[in-house]
Each structure stands twice: as structure tokens, then as C-alpha cells.
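Me: Hey, I've just opened this one and don't know my way around yet. Can you walk me through it?

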Amino acid sequence: MARSKKTLSIVLATYNGSKYIEAQLRSLANQTVIPDELLVSDDNSSDETVEILEHFQRESRFPVKIMRRVPALGFRENFLRTSLEARSDFIAFCDQDDIWREDKIEKCSKYFENKNISMIIHPAETIDKFSNTIGNLGKM
């Protein structure tokens, strides 16, 4: 697929997410359209979250910047401060326990060049710990 001229930063805030973060990182790595950067801000985790992120950073096919927040900021401030560091035209916010469809960025990027669009919102599925769908957010 041809890449949009507009750029995309993913902003990911983490805190003790080692149980979930690997699945999310895999889903980001498997995107059909890769992001221009991934900014990860860890809110002073005490588990293996940062080590998992650093391993991903070394293997990633796109730039990954990891910031450590000490002392912790709380999730709202962590997301907000990290988004201020994004250098792209668009920002995709991402939770540590998300799993993105492999075509998420591709589908969203179709709207990037439309000058009347400044925000893209889409439906999502809620899944359990086994990735079974248990609900929908928005119309599917």
C-alpha cells in the first residue's frame, strides 16, 4: 500500500504492563503500514515492562523512544506529556493492554490527507485475557 504523506506517531503509556505489553507490541510490529515513531512513556513500573520495551526497541523496524517517568505521573499526565513529544501530523493513543488489528493504521491513514479531518475515531472490540470478543465499543 502506498504511504500517506502525513505522518503518524503512536503514543503508548505503560505501568506494570508486563503481562500484556508483548501482545500489544507484536500488534504494532505487524501493522501493514508502519508508524513513523512509537513514543513509550513508562510510569515508574516495578515489573519487567521496561525490559520488554527495550528488547522491542532493539528489534523494531520503526523508531521507538522510551521515556521513564520517575516519580510516576499517573496515566493522564503520562499520556499528555508524551503526546507533546510526538513529531507527526497525527497521534494514535494506545493502551498497554490493547491489541491492534494489523490493518488499523492502514485503514485510518486513508483519511490523513483530507484537510477537513483532524481526528479519527473508530469502533473497537473488548476482549478477554484469551482474546475472545466480549463486547463492542461503537458500531461494528
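Me: Let's start somewhere specific. Which residues is valine 64 in contact with, leaving aside its neighbours within four places in sequence?
Reply: Keep in mind that this is a predicted model. In it, valine 64 is in contact with Leu38, Val40, Phe56 and Gln57.

Me: And which residues touch the most other members of the largest nonpolar core?
Reply: Val64 is one of them, along with Ile10, Leu12, Leu25, Leu28, Leu38 and Trp100. That core has 22 residues. The elements giving two or more residues to it are the strands β1 (8-14), β2 (37-42), β3 (64-68) and β4 (90-95), plus the helices α1, α2 and α4 (104-109).

Me: What about a second core, which residues does that include?
Reply: The second one is separate and has six residues, among them Val11, Ala13, Met67 and Phe79.

Me: Switching to helices. At what angle do α1 and α2 pack?
Reply: About 20°, and their axes are 10 Å apart. Angles under 35 degrees count as roughly parallel, so α1 is roughly parallel to α2. The crossing is right-handed.

Me: Which residues meet there?
Reply: From α1 (residues 21-29), you have Ile21, Glu22, Leu25 and Ala29, and they meet Ile52, Leu53 and Phe56 in α2. By type, the residues of that contact are six nonpolar, one charged and no polar.

Me: New topic: where's the cis peptide bond?
Reply: Go to the bond from valine 70 to proline 71, where omega is near 0°. Proline 71 sits in the loop between β3 and α3 (75-83). For background, most peptide bonds are trans, and most residues other than glycine have a negative phi.

Me: Okay, so which residue has a phi near 45°?
Reply: Asparagine 16, which has that positive value without being a glycine. You'll find asparagine 16 in the loop between β1 and α1. Asparagine 44 also has a positive phi, near 65°, and belongs to the loop between β2 and α2.

Me: Is asparagine 44 buried, exposed or partly exposed?
Reply: Partly exposed, because its relative accessible area is 35% and that falls between the 20% and 50% cut-offs. Asparagine 16 counts as partly exposed too, at 28%.

Me: Last one: what does tyrosine 111 touch, not counting residues up to four places away in sequence?
Reply: Ile117 and Ile120. Tyrosine 111 is in the loop between α4 and β5 (124-127), and with a relative accessible area of 44% it is partly exposed.

How values were computed: Residues numbered from 1 in each chain as written. Predicted model: local features only at pLDDT ≥ 70, side-chain atom pairs only at ≥ 80, totals over all residues. Heavy atoms only, no water. Axes fitted to C-alpha atoms, helices over the stretch in contact; angles between N-to-C directions. Helix = DSSP H or I, 4+ residues; strand = E, 2+ residues; numbered from the N terminus. Parallel < 35°, antiparallel > 145°, perpendicular 65-115°, else oblique. Left-handed = near helix turned anticlockwise from the far one by under 90°. Contact = heavy atoms within 4.5 Å. Nonpolar A, V, L, I, M, F, W, Y, C, P; charged D, E, K, R; others polar. Core = buried A, V, L, I, M, F, W, Y, C linked by side-chain atoms within 4.5 Å. Buried < 20%, exposed > 50% of the residue type's maximum accessible area, 1.4 Å probe, protein only.
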